[in-house]
Amino acid sequence: MNVAFTRQLPAKADAVVLFCARDAVLETVLTALPDKARRQLAKAAGALEFSGKKGQCVELPAPAEMDAKWLLLLGLGDVEKLSEKEAEFAGGRAAAACMGKKAQEVVVLATAPEGVEMDAAAFVARIASGMKLRNYRFDRYRTKRTENGENGNGTEKGGKARIETLTVVTDAADAAETAFAPLSALADSVHFARDLVNEPGNVLTPKEFARRAAEMAAEAGLSVEVLKPKKLREERFNALLAVGQGSKNKPRVVVLKYDGAGDDSAPIAFIGKGVCFDSGGISIKPSSGMEDMKGDMGGAAAVVGVMRALAARGAKVNAVGIIGLVENMPDGGAQRPGDIVISRSGQSIAVLNTDAEGRLVLADCLDYVKEKFSPARMIDLATLTGAIIISLGKEHAGLFSNNDELAEEITKAGLETGERVWRLPLDPAYDKLIDYEVADMKNIGGREAGSITAAQFLQRFVGDTPWAHLDVAGTAMASPKTDINDSWGSGWGVRLLNRLVELAERG
Ligand code: BES
Ligand code: MN
Ligand code: ZN
């Protein structure tokens, strides 16, 4: 989507979009419209009892005098509640309405409503950002899709088209353009992460994921290292390698580095679970729903996405991202339930269930990043447990941390971006659930507290480093549609982590 900010109303558009806060004076919102359009839209708004309530939308064919197809008027809700996040979500609703109308050229007439706690430029930039975030479809494999979004089989009613160009009309055009640049880079990074999650397992193997991450790194100006099996053996990634040993698609670990702080301060480290397909291995999963396990790399996608965003917007921070890429498959070489592996850290793990593979991958990645980079903070993201969906549903990701300050910052970043988290406990009392007679630990804890025992397991590999674990099994894929996302792969975490870095940059 091409986005431009101008002062002048363009001559032509498929849809012209306006926004109105709750109980605002509609006349002032509509002033930029030509006479007839203004009167007709005011009349329609009256008839439909439009009050500017959040989620309200008036859709009106544009009058003959205008070279446009549709006029759309969207409610912003209460001005007092109109945060950056809410403005973004309003933009998302606008994009959805435009896409529903197959509007490819969209004009937004945006003035920040009276009394809003943002300047005009920030407001319109957030609107545009929300529109861009929502303006995403993964249709790479729909070979018959027509230009306006129908599937070409004649079976899909009212297909949705992507918006091609967005022109935002505002008095603060220059400032808005400046404010939008980092948000645009962030939205591209979210889309990059969504693409990775949406790709099927036969395409996005560990090798292909690593290739795409390296390609992105070269473009974005990140330094990148791809560790292949030989190097992984030398580096003693034994637990990670054990997960991958049942697949023809061999593991990779990718390390991305971004030095933006301008000094050699300790980096923030992001660690992602990248199980490109999780069949469960010999402890094989039931076939129903197994296809969703192509998204078991959603944590890794978020890590790659946020690293891309930090580089693209020139964040003043040092960061490393590490992703453990494996495929968990059953074959004659696969690990067996009962196998014992010596993890990179030297701690031994009895693999009682080969489907609890994510923690094995992360254990070695956490240990590696801790040893090589001495990070100030480590944050891992993983589609780790089905149990987190039982606990929290799909509205919150599970947060576990050994550091209250870090946990609070992540919680705040979550509220500010709409990628919400809910903290669950870590406690030595849970340790006995993963202690084991013939090894240092077992990789499952039994039926109770499944997400906590998984987190407790990870904690054994982080030492004293301030660390947080985000269990994103419910949010990274197949999560509820939101105003800014209706894709299966959500790209969850990219915006949250970017905001966390922003909070640190501001000090
Ligand atoms: N990748 C799954 C967790 C998952 C489940 C993610 C549903 C997304 C949706 C993970 O590897 C797994 O299989 N976990 C097991 C752990 C159990 C064997 C201790 C689970 O949750 O059942
Ligand atoms: Mn599994
Ligand atoms: Zn898994």
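**Exercise 1. Aromatic pairs**

Determine how many aromatic pairs the structure holds, and classify the pair formed by F5 and F180.

*Solution.* In this predicted model, there are four aromatic pairs. A pair of aromatic rings is described by the distance of the centres and the angle of the planes. For F5 and F180, the centres lie 5.5 Å apart and the planes meet at 65°. Planes over 60 degrees apart count as edge-to-face, and the F5–F180 pair is accordingly edge-to-face. The next step is to locate the two residues: F5 belongs to strand β1 (residues 2-6) and F180 to helix α5 (residues 173-198). With these positions 175 residues apart, the pair links distant parts of the chain. Finally, F5 and F180 are both buried.

**Exercise 2. A second ring pair**

Classify the pair formed by F237 and Y368, and state where each residue lies.

*Solution.* The ring centres of F237 and Y368 are 5.1 Å apart. Their planes stand at 45°, so the pair is tilted. F237 is found in the loop between α7 (229-234) and α8 (238-244), whereas Y368 is in helix α10 (residues 358-373). The two residues are 131 residues apart, and the pair links distant parts of the chain. For accessibility, the cut-off for buried is under 20% relative accessible area. F237 has 0% and is therefore buried; Y368 has 5% and therefore also counts as buried.

**Exercise 3. Charges over rings**

Identify which residue lies over the face of F237, and which lies over the face of W70.

*Solution.* Over the face of F237 lies R344, at 5.8 Å from the ring centre. Over the face of W70 lies K101, at 4.5 Å from the ring centre.

**Exercise 4. The manganese site**

List the protein donors of the manganese ion (ligand 2), and explain why the arrangement of its donor atoms is irregular.

*Solution.* The protein donors are D278 (OD), D355 (O), D355 (OD) and E357 (OE), at 2.1 to 2.2 Å from the manganese ion (ligand 2). Along the sequence, the donor residues follow the spacing D-x76-D-x1-E. Around this ion, six donor atoms subtend angles of 71 to 167°, and the arrangement is therefore irregular. D278 also forms a bridge between the manganese ion (ligand 2) and the zinc ion (ligand 3), which are 3.2 Å apart. As a last step, consider the accessibility of two donor residues. D355, with a relative accessible area of 21%, is partly exposed, while E357, at 1%, is buried.

How values were computed:
Residues numbered from 1 in each chain as written. Chains lettered and ligands numbered in written order. Predicted model: local features only at pLDDT ≥ 70, side-chain atom pairs only at ≥ 80, totals over all residues. Heavy atoms only, no water. Phe/Tyr/Trp six-rings, centres within 6.5 Å; stacked < 30°, edge-to-face > 60°. Helix = DSSP H or I, 4+ residues; strand = E, 2+ residues; numbered from the N terminus. Buried < 20%, exposed > 50% of the residue type's maximum accessible area, 1.4 Å probe, protein only. Lys NZ or Arg CZ within 6 Å of the ring centre and 35° of its normal. Donors = N, O, S within 2.8 Å, 3.2 Å for Na, K, Ca; no water. Tetrahedral: all angles 85-135°; square planar, octahedral: opposite > 155°, others 65-115°.
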